[in-house]
Each structure stands twice: as C-alpha cells, then as structure tokens.
Amino acid sequence: MESTALLTDHYELTMVEAALRSGAASRRCVFEVFARRLPEGRRYGVVAGTGRLLDALEAFRFGDEELARLRSSQVVDEQTLDFLAGFRFTGDVWGYAEGECYFPGSPVLVVESDFAHGVLLETLVLSILNHDSAVASAASRMTSAAGSRPCIEMGSRRTHEEAAVASARAAYIAGFATTSNLEAGRRYGVPTAGTAAHAFTLLHDDEREAFAAQIASLGKGTTLLVDTYDVPTAVATAVELAGPELGAVRLDSGDLLVQARDVREQLDRLGNTGTRIVVTSDLDEFAIAGLAAGPVDLYGVGTSLVTGSGAPTAGMVYKLVSREDSTGTMVGVAKRSKDKQSVAGRKFALRRRSSRGVAEAEIVGIGEPPTDDGDDRALLVPLVRGGERVDSEAHTLEAARTRHTESRAELPAAARRLQRGEPAIPTVYED
C-alpha cells in the first residue's frame, strides 16, 4: 500500500512543529472520536471503516518522496522533518467494533499516545470513518426497510472511484447482499453480481436478439432488463426464450410498485412463478419501504447509498479530551465554545440492556468504566497496542456484518422507524 502520510491537513504538521518547539509534543494525551449528534431524524448510526483505517495507519509513513514534498513546499522546518522521517505510531487505539451501532457522544474511537503521534492521525481517521459510517448508516436503514428481501449495491458510477470501493464495503457490513463493484470484490471479498444495462439491448437489432444473446452467454437463470421499450412485450419475450427457468426480470423506470404487480401477474399467468422481480431506479430507504407491499424480490440501490441518503458525512469529530500536565498527571480537557462543546476525560462505554436484551441506554463512563448491572455489554475493543495492530476473527469483514445484524436487533423497535425522531436510546454520562 502506498504511503498515506499526506492524506492529511497542512495544520496537523504545523501543530507538531510548534509542539516540538514548545516541548509539549511528548505529553501523553487521549484523543476521542465521537458525533455530537446524528443526522436529523436518524435513530442510530453504524460504525464502518475501521478495517480500512487500520490498513491506512500501517501505511502512515513519511518516505523520501513525502519528505521531499514537505521540504520543497516549506510546510514544516527541518527539526519536524527529522521527526516525521522516523514516525511510527506507537500508541494504543480502542474503538467500537466495526458494524456496531452508535449514538451521540459514543466514543467510537479512543487514541492514547503522545500529542505528536496522536494529532497526526486526526484527518486520516475522520476522512475514513465519516465517509464509511455515513454510507453504512444509510445502508442499514435500507436493509432494515427491505426486511428479508436482498439489497444490491450499484452506486459506483455515482461517486469517486475509490469512494465506490469503500461504499461497497460499508454497505456489505450493513447487510447488502452483493455489489456491482469488482474492485470491492478483489480487495475485500464482497460478493459481486451484475448482468446487463440498457445499452446491451439497444446494441442489438431488437429486444429478442438481445435477450437471446444474454441467455446464450449467461444462462436461463440470468436477469433480463425489461423496460427498454414496452414492459409487457419484453416480459413475454423473456419467458418465451428462457421458459420457467428465467431467473429474474429487472424494472428500472416508471411506477415501480404498479409495474411490479403487473409483471408478477403476467409472469405467474405464463407459468413463471419462480422468476423473481428486481427493481432499481434511484431507490432509497423510503422508496424501499413503499415497495414493501409489492411483489418485489430484490432492490438495487445506487446514488442514495453512496451519498449517505442525504447525510454524506457522519459528522464525527476528533478531540483531545485528556492530557498530561506539568506534574505528569493526566487531566481532562474540553472545548467550551458555543454549540461545539465536548466532555473532558477519557471515556469508556457500555450498552445498557434490559433483562430481555433490549438496549436501553448508552452509558459512558468518564475516567473509568461504568458499572455493569449484569445485562450490559462493553463496547470498546482493542484495535492497536503499542503501535501493533490487534488482529483477530472479531475484526474480519464477515464478523462486522454479523455484529451489525446483532447490534441493530437489540435496539428498541423505534430504531427501525423511518419517520423523524430522537435517537433510539439516550446517552448517559457517569463520572
């Protein structure tokens, strides 16, 4: 992996320069990542991007090219360049496990290190977690609305090429079944799927010729796109060519609910009771919920997913909450500015649950872990110890996918409502 060291903001490095000059760069510090609030109307958020962040952290090295760039552009002085040349993150990182649900104030990531090593990570951490968590949070609402019907991620053409790969990964964590993005399949093992677009039909002299060519190549179990011209005619042609083995038909325009009902009736009448119906066309969680009453088998989602369905960032911040004072004692620090206040002190978190396993509150202890009343679940897990990544089966993509299913299932029923409302559970601080 190429160096990620310059995927940061100019002022991160100038802060290190000034701290090296003042002698404060080596002070022990605790930085935390949290969201002050959820996007308007959302009931919960989903942590995603942790695995990508740990990959990026391993590649956070200032090599000759990076140092030459900083020297030629005079970003920092020679003392700072010498420090950066030997930079290796040596601290500890704790965080909510990937796939976990979070709420306002949840300490989703805790970085313990000296100031210089911790502050350098701010931009890298936030750029990854804010994007991936926004996509996963939107994806979770979509898969929740879809119920047992699978969702397909197909937003690659609606975002930056690298964001497309990250979005496919985040969507998979939140329950999407497959992606159209092949790089996400290669890089992360996300299952890929796809058949044909309207261009394939338009390429041929008529729809029959196009369908026949696709079936000859991909088999009768393929999915045929039936709305290029006239839907009923296309469905009839598809059934004639593939028979009852036709895998699915896809609708990509018009009134999807009405069309799905009409197509289902036509398929059943022709004996294709096992042929599924896939719908696409600018779907979001609200459209998916609206289609719940229709005979739809799969949903394909693109633009709304990769843009966070109206909330393209999770709004997370990276703040210094504790530092070493002149006596060597760790003291809590916090912003007091209007509308951007933070809570001082190193945080610990658990999910308070009822005797039935239903989440009741996010309990955040300040300075020490909050008391477990017997039904609670600790949320912070070790990610990096002494600069070394903590690898385990619990940090795999499949584990994150399973974790999200379980974390969402323990939330109260109100969490799954799409109507505007408060977070599903309150965040409570304990001193």
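These legends accompany several close-up views of one predicted model. Residues are numbered from 1 along each chain as its sequence is written, and side-chain values use heavy atoms, with hydrogens and water left out. Because the model is predicted, local features need pLDDT of at least 70 and side-chain atom pairs count only at pLDDT 80 or more, while totals for chains, interfaces and linings use all residues.

**View 1. Two domains share the protein chain.** Domain 1 is assembled from 27-50, 90-126 and 319-430, whereas domain 2 covers 136-310; these bounds come from an automatic or database domain assignment. The C-alpha centres of domain 1 and domain 2 lie 36 Å apart. Look between them and you will find 19 residues of domain 1 in contact with 23 residues of domain 2, where contact means heavy atoms within 4.5 Å.

**View 2. The largest pocket encloses about 840 Å³ of space.** Of its 32 lining residues, those closest to the pocket centre are M154, R157, A196, R250 and T280. A pocket here is found on a 1 Å grid over the protein atoms alone, as an open set of points with protein on both sides within 12 Å along at least five of seven lines; a lining residue has an atom within 4 Å of a point. Grid points are joined across faces, edges and corners, and the volume is the space filled by probe spheres set on the points. The strands β6 (151-153), β9 (248-251), β10 (276-279) and β11 (298-301) each give at least two residues to this lining, and the largest share, three residues, belongs to β11. Helices (H or I, at least four residues) and strands (E, at least two) are DSSP runs, numbered from the N terminus. By class, the lining of the largest pocket holds 11 nonpolar, 14 polar and seven charged residues. Ala, Val, Leu, Ile, Met, Phe, Trp, Tyr, Cys and Pro count as nonpolar, Asp, Glu, Lys and Arg as charged, and the others, Gly among them, as polar.

**View 3. The second largest pocket holds about 530 Å³ of space.** Its lining has 18 residues, and M1, L7, R52, E162 and R187 are the closest to the centre. Two or more lining residues come from each of α2 (50-58), α6 (122-146), α7 (161-173) and α8 (182-188). Helix α6 provides the largest share, with four residues. The lining of the second largest pocket divides into eight nonpolar, five polar and five charged residues.

**View 4. The largest cavity has about 60 Å³ of space.** A cavity is a set of grid points where a 1.4 Å probe fits but cannot get out, and the whole structure has four of 30 Å³ or more. Around the largest cavity sit L53, L54, L57, V93, L109, V111, L121, L124 and V125. Elements giving two or more of these residues are α2, β5 (109-114) and α6, with the largest share, three residues, from α2. The lining consists of nine nonpolar residues, with no polar and no charged ones.

**View 5. The second largest cavity has a volume of about 40 Å³.** Its lining is formed by P39, R42, Y44, G45, Y102, S133, A134, S137, A311, T313 and A314. Helix α6 gives the largest share, three residues. By class, there are six nonpolar, four polar and one charged residues in this lining.

**View 6. T4 lies in the segment before α1 (10-22).** T4 counts as buried because its relative accessibility is 3%; buried means under 20% relative accessible area, exposed over 50%, and partly exposed in between (1.4 Å probe, protein chains only). Leaving aside residues up to four places away in sequence, T4 touches A56, A59, F60 and L124.

**View 7. The whole structure contains zero disulfides.** C151 is in no disulfide, and the nearest cysteine sulfur, that of C101, is 16 Å away; a disulfide is a pair of cysteine sulfur atoms within 2.5 Å. C151 is buried, with a relative accessible area of 2%. C29 is buried too, at 5%.

**View 8. Q74 and D282 have positive phi values.** Q74, which is not a glycine, has a phi of about 55 degrees and is found in the loop between α3 (64-72) and α4 (78-85). Q74 is exposed, at 69% relative accessibility. For D282, also a residue other than glycine, phi is near 50 degrees. D282 belongs to the loop between β10 and α13 (285-290), and counts as exposed at 64% relative accessibility.
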